[in-house]
Amino acid sequence: MTTLPKRKVLLTGGLGTLGRAQAIKLANEGALVTILDRPESDDAESRAVMLGSDISFIGCDLNDLKATEKRVSELAESEGGFDILINNAALIINKPHEEFTLTEFEDQIRVNSSAAFVLSRLCARGMKERGYGKIVNFTSITLNGQWDGYVPYITSKGAMLGLTKSMARELGPHGINVNAVSPGAVVSEAEDRVFGDRLQEYNDWVLDRQCLKSRIQPEHVADLVHFLVSPASDMISGQNYAIDGGW
């Protein structure tokens with residue numbers, strides 16, 4: 001028996017490491033998953049299809065909020081709305097704060113948090129009509145203040161935490177749960193890109209700080225997200241769940 005039979009899911013950043021694991025997990029639980037990700041990759045749609053027959057792909061650049069709002073509004077109308085929204089997409093760049101340009105800062109704010117506001121507002125309309133909905137926002141372990149070189153990213157994740165708390169309060173009376181996930185250092189393509197030839201040093205640094213001496217895998221995060229969108233979490237809202245190996 002599946003836990004999410006025919007539930008309609010909108011998942012941003014679904015072609016990334018964490019997003020793929022979530023899409024597969026939720027589809028295996030009976031959900032109909034729509035991935036929203038950047039369209040510039042020629043094989044993006046075929047990559048999404050390869051994840052499963054109940055997973056579809058919509059190309060959309062979250063950096064363009066007006067286009068995102070229009071595209072998702074059309075999609076919600078054609079699909080009859082979404083039961084579950086997962087704001088997973090994020091940009092992350094590592095360098096000293098004084099080296100960031102204003103454009104780089106604003107890009108991360110738009111993709112990492114402003115887009116979540118736009119999508120949550122759109123999806124919540126249909127959720128209110130049905131008296132049911134689940135929204136999961138991705139925050140980050142970096143909010144613990146122990147990370148250097150991520151000022152725009154951490155700022156955007158702080159906004160996501162505030163968005164989660166405030167939306168949970170406003171949407172709760174309509175039967176909508178809003179929670180957040182704070183992943184720690186998850187093994188991903190992003191860490192390969194950010195740390196490059198320092199990857200082993202980074203890996204040792206992570207394990208030294210975790211209570212649990214093994215790396216967090218994308219599937220661990222997907223399991224937590226599944227819990228938060230399943231009936232098992234029906235009386236949980238406004239919470240931020242860390243999955244960080246005991247940082």
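**Exercise 1. Helix 4 against helix 5**

At roughly what angle do the axes of helix 4 and helix 5 cross, and within what distance do they come? Then work out which residues make the contact.

*Solution.* Bear in mind that this is a predicted model.

Step 1: find the two helices. Helix 4 covers residues 102-130, and helix 5 covers residues 151-171.

Step 2: get the geometry. Two packed helices are described by the angle between their axes and the distance between the axes. For this pair the crossing angle is roughly 15 degrees, and the axes come within 8 Å. Angles under 35 degrees count as roughly parallel, so helix 4 is roughly parallel to helix 5. The crossing of helix 4 past helix 5 is right-handed.

Step 3: list who touches whom. Helix 4 brings Phe-105, Gln-108, Ile-109, Asn-112, Ser-113, Ala-116, Phe-117, Ser-120, Ala-124 and Lys-128 to the contact. On the helix 5 side you'll find Pro-152, Tyr-153, Thr-155, Ser-156, Ala-159, Met-160, Leu-163, Met-167 and Leu-171.

Step 4: sort them by character. The contact of helix 4 with helix 5 has 12 nonpolar residues, six polar ones and one charged one.

**Exercise 2. Zooming in on Leu-163**

Take Leu-163 of helix 5. Is it buried or exposed, and which residues does it touch?

*Solution.* Step 1: check the accessibility. Leu-163 has a relative accessible area of 13%. Buried means under 20%, so Leu-163 is buried.

Step 2: look at its contacts. Leaving out residues up to four places away in sequence, Leu-163 touches Ser-113, Ala-116, Phe-117 and Asn-137. Among them, Ser-113, Ala-116 and Phe-117 belong to the helix 4 side of the contact with helix 5.

Step 3: pull up one more distance. Ser-140 is 23 residues from Leu-163 along the chain, and their C-alpha atoms are 14 Å apart.

**Exercise 3. Helix 3 against helix 4**

Describe how helix 3 and helix 4 pack, and say which residues meet.

*Solution.* Step 1: geometry again. The angle is about 35 degrees and the axes are 10 Å apart. The handedness of this crossing is right-handed.

Step 2: go through the contact. From helix 3 come Leu-65, Thr-68, Glu-69, Val-72 and Ser-73. They meet Arg-110, Ser-114, Ala-115, Val-118, Leu-119, Arg-121 and Leu-122 of helix 4.

Step 3: sort by character. Here the split is six nonpolar, three polar and three charged.

**Exercise 4. Salt bridges**

How many salt bridges does the model contain? Track down three of them, and say where the partners sit.

*Solution.* Step 1: the count comes to 11 salt bridges. Side chains of opposite charge can pair when their charged atoms come close.

Step 2: start inside helix 3. Lys-70 pairs with Glu-74, with the closest N and O atoms 2.6 Å apart. Both sit in helix 3, four residues apart, which is about one turn of the helix. Lys-70 is exposed at 53% relative accessibility, while Glu-74 is partly exposed at 37%.

Step 3: move to helix 4. Arg-110 and Asp-107 form a salt bridge with their closest N and O atoms 2.5 Å apart. These two are three residues apart in helix 4, again about one turn. Arg-110 is partly exposed, at 25% relative accessibility. You've already met Arg-110 in the contact between helix 3 and helix 4.

Step 4: now try a pair that links distant parts of the chain. Asp-83 bridges to Arg-7, with the closest N and O atoms 3.9 Å apart. Asp-83 is in the loop between helix 3 and strand 4, Arg-7 is in the segment before strand 1, and 76 residues separate them. At 9% relative accessibility Asp-83 is buried, whereas Arg-7 is partly exposed at 29%.

Step 5: follow the links. Arg-7, Asp-83 and Arg-130 are joined in a network of salt bridges.

**Exercise 5. Two residues outside the helices**

Where is Gln-210 found, and what is the phi of Lys-6?

*Solution.* Step 1: Gln-210 sits in the loop between helix 7 (199-209) and helix 8 (218-229). Its relative accessible area is 2%, so Gln-210 is buried. Apart from residues up to four places away in sequence, Gln-210 touches Ala-185, Ile-216, Asp-244, Gly-245, Gly-246 and Trp-247.

Step 2: Lys-6 has a positive phi of about 60 degrees, although it isn't a glycine. Lys-6 lies in the segment before strand 1, and at 60% relative accessibility it is exposed.

Note on methods. Residues are numbered from 1 along each chain as its sequence is written. This is a predicted model: local features need pLDDT of at least 70, side-chain atom pairs count only at pLDDT 80 or more; totals for chains, interfaces and linings use all residues. Side-chain values use heavy atoms; hydrogens and water are left out. Axes are lines fitted to C-alpha atoms, for helices over the stretch in contact, and angles run from 0 to 180 degrees between N-to-C directions. Angles under 35 degrees count as roughly parallel, over 145 as roughly antiparallel, 65 to 115 as roughly perpendicular and the rest as oblique. A crossing is left-handed if the near helix is turned anticlockwise from the far one by less than a right angle, and right-handed if clockwise. Contact means heavy atoms within 4.5 Å. Ala, Val, Leu, Ile, Met, Phe, Trp, Tyr, Cys and Pro count as nonpolar, Asp, Glu, Lys and Arg as charged, and the others, Gly among them, as polar. Buried means under 20% relative accessible area, exposed over 50%, partly exposed in between (1.4 Å probe, protein chains only). A salt bridge is a side-chain nitrogen of Lys or Arg within 4 Å of a carboxyl oxygen of Asp or Glu.
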